[in-house]
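Hi everyone, thanks for coming. I have one structure to walk you through today, so let me put it up on the screen.

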Amino acid sequence: MLKNIFLFAVLTTSLLQGQSPQRSVIALRADRLFDGKSSGLLQSGVILVEDGKISAIGTSVSIPPGAYVVDLGDSTLLPGIIDCHTHLLQNYDPKLPGVDELNMLQTVATMSTAKRALLGAAIARQDLEAGITTVRDVGNSGVNGDVALRDAIAAGWVEGSRMLVSTRALAPAGGQFGGLDTPAQGLIAQEYVVVSTVDEAHKAVSQAVYDGADLIKVIVNGSGPMLSPEVVKAIVEDAHRSHRKVAAHASGNDATRIAADAGVDSIEHAYTVPDDVLATMAAKHIFLVPTDGPEETYAEILRGSEPGTAAADVAQAAHQAFQRRADRLRRAIAKGVPVAAGSDMYWNIGAHARGQNSIAMLRAYAGEGLPPIEVIRAATSNAAELLGWQDRIGILEKGKYADVIAVPGNPLSDVNTFDHVLFVMKEGKIIRNDIKQTERKVAEKGNK
């Protein structure tokens, strides 16, 4: 009896397997390919995609019969861009006086977390269409609005860049609001978890992990006091114990030193950072995330501001800071500090969508002297390592997610090509293709 049941099960399984359709294969083909690990371009590259992952890649890959081919011709295939410093649930107006502080106050006081999550869904789609397939969102998302958006994207409810999120940032008193009258200080808890002692740090990290944080964001120096070395160290130790990385907002000699000594995983901004801190970062493999924009971005903010206003003053100061930022990036590279790309874009600038404004960070790094291949690595393989996702994204190779973009020309000689992304695929799904007329089914005999 048992033998008959076993034979029936085997026959039934075989019949069902014979009736099930074969997995579909997508073949991407272009004149050039940069896989993210080679030192140059590969000519006539082919990528085979199955079940959302890369099944084969190279210059001599045979395209199987029945595959769906996307022939992108005179373009270059690359890994999807990773933005390690985003605020998708913010979209500020540069014309408001007071700029950051007033914009933040208006956002938190007038927009619910749910409404901000809907805004974030639109911005996440714009990022994805620009070629940014993964982001690390580092707070300013209301009370866990980033978690809701991350999960909605992962579930396929909305389409956008894959997200890793921090929930509310841990910060000293006042967060980054600037001066608030006592009745208004309740708004701070909508954006930040205020910590001032080691015990409060323990509780805050535990709560963030419970709330769904993929990483912990800490504001070492904000608008008010600076966190103590003991508090930052406690945050890092607890986060690492929970297998979460720590991103530290820090700029200035003292703040960057506190962050580096505590062993954070990345220091964001670091517009002012001394050489000894850079040396510590290199020794501990702490990433610098230089949240720099190209000079023309500041000029656009300036054009949108009335002369003599606070917004114009801020824009002009940012414009003048460009060379200082370039110097700190060059010093970091010389010291051996690993660099991962981060846009810190939260402005509604001009006619461009947020994604297009965000990807301008690549032009900024090139303008500061970073060679194009290192710019690309900062936004792909380096960024994937910082996220702890180097086994999934950042390089085009067999077994990794099929996050693929295509740009015209040669990005290893001109990063401006990223302003004109032609094709975007995220996890095997075609999001954007500006050369749709070349899509076709290969004959059953196959093609190469």
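I'll begin with the chain as a whole, then go through a helix, a few single residues, the aromatic rings and a pocket.

First, please keep in mind that this is a predicted model. The protein chain has 14 helices and 18 strands. Of its 448 residues, 53% are buried. And how are the contacts spread along the sequence? Taking contacts between residues at least 6 apart in sequence, 70% of them join residues at least 24 apart.

Let's go to helix α7, residues 253-262. Which of its residues are buried? They are A255, T256, I258, A259, A260 and A262. These buried residues pack against two helices, α6 (229-241) and α8 (275-284), and two strands, β12 (245-250) and β13 (266-269). Just after α7 comes G263, with a positive phi near 85°.

One of those α7 residues, I258, leads us to our next stop, because I258 is among the residues touched by L227, which is itself buried at 4% relative accessible area. L227 belongs to the loop between β11 (215-219) and α6. Leaving out residues up to four places away in sequence, L227 touches A171, P172, V195, V218, I219, V220, V232, I235 and I258. Take A171 from that list: its C-alpha is 7.5 Å from that of L227, although 56 residues separate the two along the chain.

For a contrast, have a look at R324 in helix α10. Buried or exposed? R324 has 54% relative accessibility, and the cut-off for exposed is over 50%, so R324 counts as exposed. R324 also has a partner far off in sequence: T272 is 52 residues away along the chain, with 8.2 Å between the C-alpha atoms.

Now for two backbone angles. N140 is not a glycine, yet its phi is positive, near 55°. You'll find N140 in the loop between β7 (132-137) and α4, and N140 is buried, with 6% relative accessible area. H285 is another non-glycine residue with a positive phi, about 55°. H285 sits in the loop between α8 and β14 (287-289), where its 41% relative accessibility makes it partly exposed.

On to the aromatic rings. How many aromatic pairs does a search of the whole structure find? There are four, and I'll show you two of them. Y92 and W347 make an edge-to-face pair, with 6.1 Å from centre to centre and 85° between the planes. Y92 is in the loop between β6 (81-86) and α2 (100-110), while W347 is in the loop between α10 (310-335) and α11 (354-358), so this pair ties together parts 255 residues apart in sequence. Y92 and W347 are both buried. Y92, Y346 and W347 also form one aromatic cluster.

The other pair is F177 with Y192. Why is this pair edge-to-face? The ring centres are 6.1 Å apart and the planes meet at 80°, and planes over 60 degrees apart count as edge-to-face. F177 lies in the loop between β9 (169-171) and β10 (192-194) and Y192 in strand β10, so the pair, 15 residues apart, links distant parts of the chain. Here, too, both F177 and Y192 are buried.

While we're on rings, two arginines deserve a look. R325 lies over the face of Y271, 3.8 Å from the ring centre. Over the ring of W389 sits the charged end of R392, at 4.1 Å from the centre.

Last stop: the second largest pocket. This pocket holds about 250 Å³ of space. Its lining has 14 residues, and those nearest the centre are I153, A154, G160, K426 and E427. Which elements each supply at least two lining residues? They are α4 (145-154), β8 (162-165) and β17 (429-433). Of these, α4 gives the most, with three residues. By type, the lining comes to six nonpolar, six charged and two polar residues.

That's my tour. Thanks for listening, and I'm happy to go back to any part of the picture.

Note on methods:
Residues are numbered from 1 along each chain as its sequence is written. This is a predicted model: local features need pLDDT of at least 70, side-chain atom pairs count only at pLDDT 80 or more; totals for chains, interfaces and linings use all residues. Side-chain values use heavy atoms; hydrogens and water are left out. On a 1 Å grid over the protein atoms alone, a cavity is a set of points where a 1.4 Å probe fits but cannot get out, and a pocket is an open set with protein on both sides within 12 Å along at least five of seven lines; lining residues have an atom within 4 Å of a point. Grid points are joined across faces, edges and corners, and a volume is the space filled by probe spheres set on the points. Helices (H or I, at least four residues) and strands (E, at least two) are DSSP runs, numbered from the N terminus. Ala, Val, Leu, Ile, Met, Phe, Trp, Tyr, Cys and Pro count as nonpolar, Asp, Glu, Lys and Arg as charged, and the others, Gly among them, as polar. Rings of Phe, Tyr and Trp (its six-membered ring) pair if their centres lie within 6.5 Å; planes under 30 degrees apart count as stacked, over 60 as edge-to-face and the rest as tilted. Buried means under 20% relative accessible area, exposed over 50%, partly exposed in between (1.4 Å probe, protein chains only). A charge sits over a ring if NZ of Lys or CZ of Arg is within 6 Å of the ring centre and within 35 degrees of the ring normal. Contact means heavy atoms within 4.5 Å.
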